[in-house]
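Subject: Structure handover

Dear colleague,

I am passing on to you the structure that we spoke about, with the sequence beside it. Please look it over at your own pace before you read my notes below.

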Amino acid sequence: MLYGGSKDISLFQGLNEELVNKIIQTEVLYIRIDGSSTKANIYGESINKIYLPAVKLASLIEYPDNEEDNNNFGIDIKQRIRVRILRQNLIDANLVAQIGEIIYYDNNYYEINAKEEVQFIMGKNPQFSIAGSTHGANWSVILSCNMIKKVSQGLIKTIEDSVFA
């Protein structure tokens, strides 16, 4: 194969890291739930979640159209964002994005409700190549998030401790 080898992937990686991390410089705080300290009920749910310290990540933010729901109590507008993070930035931060965790961006809290991990360079993921190809790369993670309307004090304290520490 002519393109998509390790040298091409290295060039793409360097260009993307410089663009996202040094030129665009849009950062979010990624907040993980502490599974060992958070007590869950028999359904696996928890009212009082305990959070780990926030991790700052460079990202690209997209604003999809807001969703309006007109019900008996008035109009409810759901604000959403899509957060695009280079896979290498997650690896460097020792993070695996999970549904239900929190993104803090632009003074708002967003809960991750979906993730896409299939953005491949050259349309191939070399980790799962049947032919054993070293071409291509699994490039980024795209997180779809909804804004949280009611924020717990524990979450606010996590942000304050992380930002102002």
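What follows is an account of what was found, beginning with the whole chain and ending with a few places on its surface.

Please keep in mind throughout that this is a predicted model. The chain has 165 residues, of which buried residues make up 33%, and it holds three helices and nine strands. Read from the N terminus on, the elements run α-β-β-β-β-β-β-α-β-β-β-α. Among the contacts in the chain with a separation of 6 or more, 65% are between residues 24 or more positions apart. As for the outside, the chain exposes about 10,900 Å², and carbon and sulfur atoms supply 52% of that area.

Turning to the interior, the largest nonpolar core has 17 residues, and the members that touch the most other members are Tyr 30, Leu 57, Val 83, Ile 103, Leu 143 and Cys 145. Strand 1, strand 2, strand 6, strand 7 (102-105), strand 8 and strand 9 (137-147) each supply at least two residues of this core. Apart from this core lies another one, of eight residues, and among them are Leu 29, Ile 31, Tyr 51 and Ile 102. Leu 143 is a good residue to select on your screen: leaving aside residues up to four places away in sequence, Leu 143 touches Tyr 30, Ile 81, Arg 82, Val 83, Ile 85, Ala 97, Ile 103, Ile 112, Ala 114 and Lys 115.

The structure also holds one aromatic pair. Its partners are Tyr 104 and Tyr 109, whose rings are tilted, with 4.8 Å from centre to centre and 50° between the planes. Both Tyr 104 and Tyr 109 are buried.

The charged side chains come next, and a search of the whole structure finds five salt bridges. In one of these, the side chains of Arg 82 and Glu 62 meet, with 3.3 Å from N to O. Arg 82 lies in strand 6 (residues 80-86) and Glu 62 in strand 3 (residues 60-62), so this pair ties together parts of the chain that are 20 residues apart in sequence. Arg 82 has a relative accessible area of 18% and is therefore buried, given that buried means under 20%. Glu 62, on the other hand, counts as partly exposed because its relative accessibility is 30%.

Glu 62 also forms a salt bridge with Arg 84, where the closest N and O atoms are 2.8 Å apart. Since Arg 84 lies in strand 6 and Glu 62 in strand 3, this pair ties together parts that are 22 residues apart in sequence. Arg 84 is partly exposed, with a relative accessible area of 27%. Taken as a group, Glu 62, Arg 82, Arg 84 and Glu 116 are linked in a network of salt bridges.

A further salt bridge joins Arg 87 and Glu 117, with the closest N and O atoms 3.4 Å apart. This pair links distant parts of the chain, as Arg 87 is in helix 2 (residues 87-92) and Glu 117 is in strand 8 (residues 108-121), 30 residues apart. Arg 87 is buried, with a relative accessible area of 17%, whereas Glu 117, at 31% relative accessibility, counts as partly exposed.

Lastly, there are two places on the surface that you may like to find for yourself. Ile 23, Ile 24 and Leu 60 make a nonpolar surface patch of about 240 Å². Of these residues, Ile 23 has its place in helix 1 (residues 6-24) and, with a relative accessible area of 57%, is exposed. The other place is Lys 39, which is found in the loop between strand 1 (27-31) and strand 2 (55-58). Lys 39 has a relative accessible area of 69% and so is exposed, the cut-off for that word being over 50%. Residues up to four places away in sequence not being counted, Lys 39 touches Glu 45 and Ser 46. The C-alpha atoms of Lys 39 and Lys 49 are separated by 7.5 Å, and these two residues are ten residues apart along the chain.

With best wishes

Definitions and conventions. Residues are numbered from 1 along each chain as its sequence is written. This is a predicted model: local features need pLDDT of at least 70, side-chain atom pairs count only at pLDDT 80 or more; totals for chains, interfaces and linings use all residues. Side-chain values use heavy atoms; hydrogens and water are left out. Patches are made of residues with over 30% relative accessible area and no salt bridge: like charges are joined within 9 Å, nonpolar side chains (Val, Leu, Ile, Met, Phe, Trp, Tyr) within 5 Å. Accessible areas come from the Shrake-Rupley method with a 1.4 Å probe; for residues, only the protein chains shown count as cover. A salt bridge is a side-chain nitrogen of Lys or Arg within 4 Å of a carboxyl oxygen of Asp or Glu. Helices (H or I, at least four residues) and strands (E, at least two) are DSSP runs, numbered from the N terminus. Buried means under 20% relative accessible area, exposed over 50%, partly exposed in between (1.4 Å probe, protein chains only). Contact means heavy atoms within 4.5 Å. Rings of Phe, Tyr and Trp (its six-membered ring) pair if their centres lie within 6.5 Å; planes under 30 degrees apart count as stacked, over 60 as edge-to-face and the rest as tilted. A nonpolar core is a set of buried Ala, Val, Leu, Ile, Met, Phe, Trp, Tyr and Cys residues joined through side-chain atoms within 4.5 Å.
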